[in-house]
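Colleague: I would like a close look at one part of this model. Please take the open sheet and walk me through it, then place it in its surroundings.

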Amino acid sequence: MESFANIQAGFALALQPMYLLMALGGAALGTAIGVLPGIGPSLAISLLLPFTFQLVDPVGAFIAFGGIFYGAMYGGSTTTILINTPGESSSVVTALDGYKMAQNGRAGAALSTAAIGSFFAGTVATFALMILAEPFVSFALSFGPAEYFALMVLSLCTVTAIGGGHPSKAAFSTLLGLSMGMIGLDSTSGQLRFTFGEASLFDGIDVVVAAIGLFAVSEVLFGLGNLRRQPESRLVSPGPLRMTKEEWKRSIAPWFRGSGLGFIIGVLPGAGATIASFMAYALEKKVSRHPEQFGKGAIEGVAGPEAANNASAGGALVPLLTLGIPGSATGAVMLAAFQGYGINTGPLLLKNHPDLVWGLIASLYIGNLMLLVLNLPLVGLWVKLLKIPEALLYPMILTLSTLGVYSLNRSIFDLYMLFGIGIIGFLLRRFRYPLAPVILGLALGPLLETEFRRALIGSRGDWSVFVGSPIAASALLLTLAFILVPILIKAVRSVSGVKPQMP
Amino acid sequence: MRNRLRTNFWLAPVLAAASLLHTPLYAQDVPKDYPNRPIEWIIPAAPGGGIDLFGRTVTRVLSEQGIVTQSFQITNKPGAGGAIGMAEMVQRKGDINTLLGVALHVHLTPLLQGTPHSYKDMTPIAKLFAEYAMMVVRKDSPIKSLDDVVEAIKKDPGSIKFGGSTIGNTDHLTAANLAKVSGVDPRKITFVPYTGGESNAAILGGHVDVGMGGPDLIDLVTGGEMRVLGVASPERLSGPFAELPTFKEQGYEVVTETWRGVFGPPAMPAAGVKYWQDALGKMVKTDAWRTELTKNQWVDRFETESFPATLDREHEEFRKSLIELGLVAK
């Protein structure tokens with residue numbers, strides 16, 4: 001196969017010491033960026049751009065960017081699992097079970113399954129990128145507004161279903177997120193909504209600010225509220241670092257499923273790592289034989305989503321490298337980097353710059369391996385975070401969150417938002433409303449609405465557009481099944497279960 | 001003499017304090033060795049778009065050519081059609097160390113979205129170059145020419161799905177103007193708004209019939225994925241665009257220019273404005289800048305003194321066009 005000859009040449013290029021060093025540097029930097037809440041890979045790459053143009057050739061720069069891209073995905077899960085502070089919106093869902101695992105003394109296992117799952121998914125996605133890029137592009141392009149709308153509806157419903165606790169409480173959280181998503185500029189009509197003239201709200205509430213507020217700040221508030229009631233410190237022991245045989249067994253299938261799902265979602269330019277991770281979580285809960293453990297520290301709930309968000313990063317490169325269409329914010333920055341080097345992207349990229357594309361793909365393999373080597377030994381170091389007493393840990397979380405949020409837009413208003421949302425998160429926690437659906441609602445709300453309206457504008461008001469295509473129709477049907485099947489099962493059970501008791 | 005000295009000695013701090021009270025702290029003087037601090041260049045868009053490329057290219061050429069030795073610090077302030085970048089700039093009244101690289105959003109965003117700031121709230125420095133919109137179709141589209149598009153919308157104005165950037169923006173205006181010059185009510189056309197590169201995916205996937213975009217679409221055109229129906233420039237462009245027909249030569253009087261320019265904060269001291277006009281004036285004469293213009297299909301439209309008047313004229317034109325489209329109330 002031609003791909004394999006090409007990838008050999010790519011490896012020959014990427015294995016040069018200089019490029020290996022760039023891959024290592026990128027991977028290390030990416031991990032650090034992922035650990036810091038707020039700073040994401042797209043911001044980091046755009047900060048680096050002016051320097052790379054002067055210092056290194058395009059191949060070296062893209063190798064480093066690839067490392068940052070994947071490294072951030074690795075790092076993001078660390079703070080999520082240990083201190084419930086998601087560094088990126090794509091690791092929000094990891095907080096549900098990852099943090100619980102850490103509380104149960106399985107922090108080492110959670111970090112390991114995340115790291116190995118990420119490695120596995122990154123490798124699978126890179127491999128898929130190599131051989132499936134062409135067919136996947138036409139698949140991605142077949143997604144129009146109606147298909148995206150149906151996909152968003154499906155993800156919102158599945159997340160509401162997985163939220164744990166009472167379904168109506170999960171629905172409330174989703175709706176809260178959706179209504180928060182209404183704030184700001186309406187991208188279809190160009191009208192400002194609910195901003196009250198505050199310029200910082202023109203662009204809506206930043207998902208990362210909301211995620212850090214809801215998870216990290218409310219965690220601290222909640223912990224402080226309980227401090228006095230606890231006779232002794234609630235310090236948890238890090239527990240044994242290694243994954244048990246049982247944990248390995250429970251992780252492998254989710255890694256596979258997460259990789260496949262993540263890659264497919266990543267290829268779609270309108271979706272992304274956040275949707276991929278949420279859907280992977282929903283999938284794991286659906287197929288699990290013990291769904292009741294989810295939300296209480298099920299390792300599948302970490303393994304699946306972490307694999308998915310990494311695989312989606314690989315998937316997002318497909319439209320970027322084949323068509324020059326970025327599938328994510330990071331993709332957009334990488335596109336800018338291509339342009340900065342005077343490289344024309346688009347369908348001719350592979351033809352005109354095969355060394356660059358295959359070198360990048362080869363370095364993604366290498367970068368992934370480096371990340372695993374870099375991160376597994378660090379697990380032992382990271383879990384020591386758990387030994388820090390609350391009196392030190394809480395201020396640390398608040399400092400880290402505040403710094404991270406401020407670094408996002410350098411806006412004081414964002415800090416008010418952070419703590420305001422933190423208080424809302426505290427109230428939600430207090431009354432046992434799930435937090436993750438709020439983030440998904442906020443992240444997907446604007447997209448959901450935009451795609452809905454695009455579909456209707458394009459069809460000139462004809463509603464049948466939503467069931468006109470097989471993809472859209474089946475996604476909506478699946479959603480309906482998600483909602484109706486549990487109700488039907490309950491109904492059937494109550495009918496058959498109640499009968500014998502009747503006199 | 002001694003007396004005067006003493007008076008001065010006492011008077012100086014008083015005067016200084018009085019002047020502080022009188023003129024706000026931010027109204028800095030322009031020092032002789034200006035710029036003596038790093039210059040912050042605000043890009044009112046996310047990394048990766050045309051405005052971003054513009055800002056990064058200008059600062060790079062200014063530095064590489066040694067025209068400005070002070071370093072540039074680039075800050076992306078994206079969001080709300082450039083309104084957030086403008087709001088940030090307005091806050092920096094009188095600050096000589098900040099520049100903003102802008103585009104047409106200084107007109108369109110306040111007109112369309114009712115955001116509080118427009119070009120009038122900042123100090124125009126220079127207009128640098130223009131980009132022209134293109135109308136494209138995917139390679140296997142049944143539409144072969146602008147005439148095909150016009151014929152279809154004459155029969156049924158809403159039958160063609162146009163796709164491009166947000167409603168009321170240049171892409172929309174190009175489609176609307178094509179309708180207008182063909183005697184079709186521009187309000188009745190179907191225009192699906194997209195952001196970023198999404199419209200390219202929609203064009204390729206056949207989710208819109210006719211797409212609009214800037215010169216960056218050329219990669220997809222030379223790659224054979226898209227065909228160009230017309231370029232909305234006053235005359236043919238150069239390089240790979242030389243073979244592409246304009247709207248005008250096909251009989252449709254449609255020109256859509258998107259310029260890029262540099263602004264200072266409100267009340268920027270005249271000496272600061274002069275410095276940047278001179279620096280940019282030097283830059284546009286360099287070969288390095290010429291190369292960038294050709295590479296990116298940017299058409300030189302360097303303008304300094306007349307820039308404010310151009311802005312006023314354009315603002316009225318845009319207002320008129322948008323009123324015609326029913327997007328802005330009279």
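Modeller: Start with the sheet itself. In this predicted model, chain B holds an open sheet of six strands, in the order 2-1-3-10-4-11, with mixed pairing. Strand 2 and strand 11 (299–303) of chain B are the edge strands. Each has a single partner strand, so one side of each is left without a neighbour in the sheet. From one strand to the next, the twist averages 20°.

Now take one pair from that sheet. Strand 1 (residues 39–43) and strand 3 (residues 98–102) of chain B run in the parallel sense and pair over three bridges. One residue pair to look at is B:Glu40 with B:Thr98, its bridge partner in strand 3 of chain B. Strands of a sheet pair through backbone hydrogen bonds, either parallel or antiparallel.

Next, the chain around the sheet. The secondary structure of chain B comes to eleven helices and eleven strands. Chain B has 330 residues, and 50% of them count as buried. Consider its contacts with a separation of 6 or more: 77% of them join residues 24 or more positions apart.

Strand 9 (residues 226–231) of chain B offers a single residue to inspect, B:Leu229. B:Leu229 has 24 C-beta neighbours inside 10 Å, and 20 are enough, so this residue counts as buried. Leaving out residues up to four places away in sequence, B:Leu229 touches B:Met135, B:Val136, B:Val137, B:Ser145, B:Leu146 and B:Val149. B:Arg260 is 31 residues from B:Leu229 along the chain, and their C-alpha atoms are separated by 25 Å.

Then the neighbouring chain. The contact between the chains involves 44 residues of chain B and 43 residues of chain A. On the chain B side, the elements that give two or more residues include strand 2 (72–76), the edge strand of the sheet. Strand 7 (190–193) is also among them, as are helix 2 (50–64), helix 3 (83–91), helix 4 (105–113), helix 7 (198–204) and helix 8 (218–222) of chain B. Helix 7 of chain B gives the largest share, five residues. By class, this side of chain B has 16 nonpolar, 20 polar and eight charged residues.

Finally, two helix pairs within chain A. Helix 8 (residues 167–181) and helix 18 (residues 436–458) of chain A pack at an angle of about 40°, with their axes 7 Å apart. These two helices of chain A, helix 8 and helix 18, are therefore oblique to each other. Their crossing is right-handed. Helix 8 of chain A brings residues including A:Leu175, A:Leu176, A:Gly177 and A:Leu178 to the contact, and helix 18 of chain A brings residues including A:Ile439, A:Leu440, A:Gly441 and A:Leu442. That contact has eleven nonpolar, six polar and no charged residues.

The second pair is helix 5 (residues 94–103) and helix 12 (residues 300–323) of chain A. Their axes come within 8 Å and cross at roughly 135°. Helix 5 and helix 12 of chain A are therefore oblique to each other. This crossing is left-handed. A:Thr94, A:Leu96, A:Asp97, A:Gly98 and A:Met101 of helix 5 make the contact with A:Gly301, A:Val302, A:Pro305 and A:Glu306 of helix 12. By class, the residues of this contact divide into four nonpolar, three polar and two charged.

Note on methods
Residues are numbered from 1 along each chain as its sequence is written. Chains are lettered from A and ligands numbered from 1 in the order in which they are written. This is a predicted model: local features need pLDDT of at least 70, side-chain atom pairs count only at pLDDT 80 or more; totals for chains, interfaces and linings use all residues. Helices (H or I, at least four residues) and strands (E, at least two) are DSSP runs, numbered from the N terminus. A residue is buried if 20 or more other C-beta atoms lie within 10 Å of its own, exposed if 12 or fewer, and partly exposed in between; C-beta atoms are placed from the backbone. Two residues are in contact if their C-beta atoms, placed from the backbone, lie within 7 Å. Ala, Val, Leu, Ile, Met, Phe, Trp, Tyr, Cys and Pro count as nonpolar, Asp, Glu, Lys and Arg as charged, and the others, Gly among them, as polar. Two strands pair if DSSP finds at least two bridges between them. Axes are lines fitted to C-alpha atoms, for helices over the stretch in contact, and angles run from 0 to 180 degrees between N-to-C directions. Angles under 35 degrees count as roughly parallel, over 145 as roughly antiparallel, 65 to 115 as roughly perpendicular and the rest as oblique. A crossing is left-handed if the near helix is turned anticlockwise from the far one by less than a right angle, and right-handed if clockwise.
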